[in-house]
Amino acid sequence: MRSLQKQLRNFSNRLESYKKESGDSMVELVSAIARSLVEHPEAVEVSETQSDGTTVIQLKVASDDMGKVIGKQGRIAKAIRTVVKAAATKANATVVVEIVQ
C-alpha cells in the first residue's frame, strides 16, 4: 500500500510540472502518465480520435508493461481515467481512455 501511495505522490509532482510545461492536450497528459509508469517509455503510443462529440484516447504500451498500466484489479487504469476525466471536465470535454494491446 505504501508503494502505491509513493507512486501517487510522485505522479502528483510530475502532473504539477506537466501542467506548468505543456498545454491542455489530453494526449500529452495520458502520454506523460503512461511514460512515468512503464519500464519502456519509448514503446508508449497514444492516439486520439473523435466519435460523436467524444474524444477517444487509445493507449498502447509494450506487452511487458501492460500490467503496470492496468495495475491490480485495474486500479491504475481507473486512476488514469479519473485524472483524464477531471482534466476533461475542466476543459468542458468528454474524453474516454482505452488501453489496447
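Begin with the whole protein chain in view, where you can pick out 4 helices and 3 strands; keep in mind throughout the tour that this is a predicted model. If you follow the chain along its sequence, the elements come in the order α-α-β-β-α-α-β. Now colour the chain by burial, and you will find that buried residues make up 28% of its 101 residues. A surface display shows the other side of the picture, for the chain exposes about 6,900 Å², of which carbon and sulfur atoms supply 48%. If you list the contacts in the chain with a separation of 6 or more, 50% of them are between residues 24 or more positions apart.

Next, select helix α2, which covers residues 26-37. Just at its start, show the side chain of serine 25, where a side-chain oxygen comes to within 3.4 Å of the backbone nitrogen of valine 27. Then place a distance label between the C-alpha atoms at the two ends of α2: they are 17 Å apart, and this agrees with the 16 Å that its 12 residues should span, because each residue is counted at 1.5 Å. With the side chains of α2 switched on, look for its buried residues, which are Met26, Val27, Leu29, Val30, Ser31, Ile33 and Ala34.

Move on from α2 into the loop that leads to β1 (45-51), and stop at glutamate 42. Is glutamate 42 buried or exposed? Its relative accessible area is 62%, and because the cut-off for exposed is over 50%, glutamate 42 counts as exposed. While it is selected, add valine 61 as well: these two residues are 19 residues apart along the chain, and their C-alpha atoms are separated by 8.9 Å.

The next stop is the pair of strands β1 and β2, the latter made of residues 54-60; the two run antiparallel and are joined by 7 bridges. To see one place where they face each other, select threonine 49, which stands opposite valine 56 in β2. The two strands form a hairpin with 2 residues between them. In the loop between β1 and β2, select aspartate 52, which has a positive phi of about 50° although it is not a glycine. Aspartate 52 is also exposed, with a relative accessible area of 81%.

Now select helix α4, residues 75-90, whose 16 residues reach 23 Å from the first C-alpha to the last, close to the 22 Å expected at 1.5 Å a residue. Which residues of α4 are buried? They are Ile76, Ala77, Ile80, Val84 and Ala88. These residues cover an arc of only 110° around the axis, which means that they lie on the same side of α4. An α-helix has 3.6 residues a turn, so residues three or four places apart point the same way. Turn the view to the face of α4 that points away from its buried side, and you will meet the exposed residues Arg75, Lys78, Lys85, Thr89 and Lys90.

Finish just after α4, at asparagine 92, which sits in the loop between α4 and β3 (95-100). Its phi is near 55°, a positive value in a residue other than glycine. Asparagine 92 counts as exposed, at 74% relative accessibility.

Technical notes:
Residues are numbered from 1 along each chain as its sequence is written. This is a predicted model: local features need pLDDT of at least 70, side-chain atom pairs count only at pLDDT 80 or more; totals for chains, interfaces and linings use all residues. Side-chain values use heavy atoms; hydrogens and water are left out. The expected span of a helix is 1.5 Å times one less than its number of residues. Buried means under 20% relative accessible area, exposed over 50%, partly exposed in between (1.4 Å probe, protein chains only). A polar contact is a pair of N or O atoms within 3.5 Å; within protein, one must be able to donate a hydrogen and the other to accept it, and residues adjacent in sequence count only if both atoms are side-chain atoms. Contact means heavy atoms within 4.5 Å. Accessible areas come from the Shrake-Rupley method with a 1.4 Å probe; for residues, only the protein chains shown count as cover. Two strands pair if DSSP finds at least two bridges between them. The arc is that of the directions from the helix axis to the C-beta atoms.
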